[in-house]
Structures are given as structure tokens and as C-alpha cells.
Amino acid sequence: MNFDNFAPEHEQPLEQFVANGGFCSIFRRIGCIGDSLSSGEFESVSPTGEVEYHDFYDYSWGQFLGRLCGINVNNFSRGGMTAREYCQSFAQEQGFWNPELRCQAYFLALGVNDLFYAPYEFGGSDDICLSDWRQNRQTFAGCYAQIIQRLQSIEPRAHFFLITIPRSDEAAEREALADRHQALLREMTGLFPNCWLLDLRRFAPIYDSDFRRRFYLGGHMNPCGYVLTAKMISSYVDYIIRHNIAQFAETGFIGTPYYSGSGKMDI
């Protein structure tokens, strides 16, 4: 093996799909926090012509990722979810703050409903109290950060992968909001330890009419679309790990009281 090609300097994420999830498989338990696109949502049409929505979790990209990598995946998601609802009621009602559900890695895929379908104040990093999540303002920025902070208090060594909204051929105003979302998540990777940006907005294909013809069923993805998303996520995480491999050396100890012989990590 030529290690000069292990993490090429000029490599970009998603240049190629890795087999069997690549180094994403170092995580043995992950959690997916999101909305319908994280829940395997399918749309059906009733006999009276009404569109109905169904969370088919077994078809979610998270579960496809789990089968691809051979890892355990928890769906902490539901169709229509926003960061504010997750913090104010949903996570508590579902018991998702339970330490017994702690994961080695979390994938956060929230923002579509917050920005486009149930909009509330977007906010910014000034809404985040780094010393006490209870002091965060109830903006999108404050609630999104609260999720990270609460989970870090449960499992301080967990890794967090923040997922941006892919480009599309939607209206310019919508795309501008998605750009703002991208910038905020990039800023958050600098605010919290072990936080990584999965910038699908920059590196994924454009979700245009041609893409939707192949991978969508109505306004949500079809099974092939969810598989494609799992392949993109695993390949992106593989890229991040290969280019930052020292920061993932103690992954096996996440969730345990153990550290390597070099001493306790600075977290």
C-alpha cells in the first residue's frame, strides 16, 4: 500500500464513493437527528387524491448507512422536525436525552423545515451561550447549538457531523437562506469540539429537475435517493477521517472511562 495516496493533499470530498462505508465504520453506534429526509419519508396519494406522508425509517439514509458500514444507527428524527421543536418537546417526549442512548457520533440534518416551511427567527452565534445551553435564545441558531451542547454533556467525546442543504434549482431567496445555513454550520464547527462540516451544499450534486427525476418520489426521495445519500455521507466521513486521522484515534474509547497511554484527550 502506498500511503502517499492515503489522503492526497488536493483530494476533495465525494471525488469517489468508498466501499462498505470506508472509515465511517469505526463508529459502532451513531444517531441521526433530522426531519423527513432523515426518516425515509415517502409520499402516497389517497383514493381521494390527498398526498399523505409516511416515515419509513428502514429506508432512511441512516439505516442504509448502518447496513453499508455494519454499524448500529438510531433515528432521532421525524417528518416535519425543526430544531426548535426538537429542543422544546420532541426529544424529551421520546426520551432521546437518555444517557443510555449515547452514541459515538451524531449526524445533524436539520434546517429545511426551520428555514422554508415553519420559519422562525434564524439568529446567529450571539444566541449561543457556550457555558450554559439553557441561556441560548430560541432561534434556529440557539436551538441547533443546544442539541450539540446537550449531547456533548451526555457524551463529551462524541463526534458531530453537521450537514448542509444541497444546492437546488429553487428560487434565489430560498438558495440565499440555504447559503446562510451553510455559513452558520461552518461557524459552529469552530465553536464546539469534535464538530465537522459535511458540506453537501458545496460538494454534492445539484438537486435539479434531472436529479429529482432519478432520485425523488414527489417532494421526497425514493429508495435509490436514500441509498445515494448514505453513500455520500459515508464517503464524506471517510474523507474527513483519513485527512484528520489522529483526531479519531480514540474512537473505540468513546462511551467508556478509558483513554490511551498518552493520557486524557483535550476535549
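**Exercises on a predicted model**

Ser46 is found in the loop that joins β2 (41-45) to β3 (51-55). The model is predicted.

**Exercise 1.** Determine whether Ser46 is buried or exposed, and which side chain Ser46 contacts.

*Solution.* Step 1: the relative accessible area of Ser46 is 10%. Step 2: buried means under 20%, so Ser46 is buried. Step 3: the side chain of Ser46 forms a polar contact with the side chain of Thr48, at 3.0 Å.

**Exercise 2.** Test the span of helix α8 (residues 223-243) against the expected value, then describe its N-terminal end and its burial.

*Solution.* Step 1: the helix has 21 residues, and at 1.5 Å a residue α8 should span 30 Å. Step 2: the end C-alpha atoms of α8 are 31 Å apart, which agrees with the expected span. Step 3: the N-terminal end of α8 is capped by Asn222, which places a side-chain oxygen 3.0 Å from the backbone nitrogen of Cys224. Step 4: 16 of the 21 residues of α8 are buried, so this helix is mostly covered.

**Exercise 3.** Classify the crossing of helix α2 (residues 83-94) and helix α4 (residues 140-154), and describe their contact.

*Solution.* Step 1: the two axes come within 7 Å and cross at roughly 45°. Step 2: this angle therefore makes α2 oblique to α4. Step 3: on the α2 side, the contact involves Ala83, Arg84, Tyr86, Cys87 and Gln92; on the α4 side, it involves Phe140, Cys143, Tyr144, Gln146, Ile147 and Arg150. Step 4: sorted by class, the contact of α2 with α4 comprises seven nonpolar, two polar and two charged residues.

Terms used:
Residues are numbered from 1 along each chain as its sequence is written. This is a predicted model: local features need pLDDT of at least 70, side-chain atom pairs count only at pLDDT 80 or more; totals for chains, interfaces and linings use all residues. Side-chain values use heavy atoms; hydrogens and water are left out. Helices (H or I, at least four residues) and strands (E, at least two) are DSSP runs, numbered from the N terminus. Buried means under 20% relative accessible area, exposed over 50%, partly exposed in between (1.4 Å probe, protein chains only). A polar contact is a pair of N or O atoms within 3.5 Å; within protein, one must be able to donate a hydrogen and the other to accept it, and residues adjacent in sequence count only if both atoms are side-chain atoms. The expected span of a helix is 1.5 Å times one less than its number of residues. Axes are lines fitted to C-alpha atoms, for helices over the stretch in contact, and angles run from 0 to 180 degrees between N-to-C directions. Angles under 35 degrees count as roughly parallel, over 145 as roughly antiparallel, 65 to 115 as roughly perpendicular and the rest as oblique. Contact means heavy atoms within 4.5 Å. Ala, Val, Leu, Ile, Met, Phe, Trp, Tyr, Cys and Pro count as nonpolar, Asp, Glu, Lys and Arg as charged, and the others, Gly among them, as polar.
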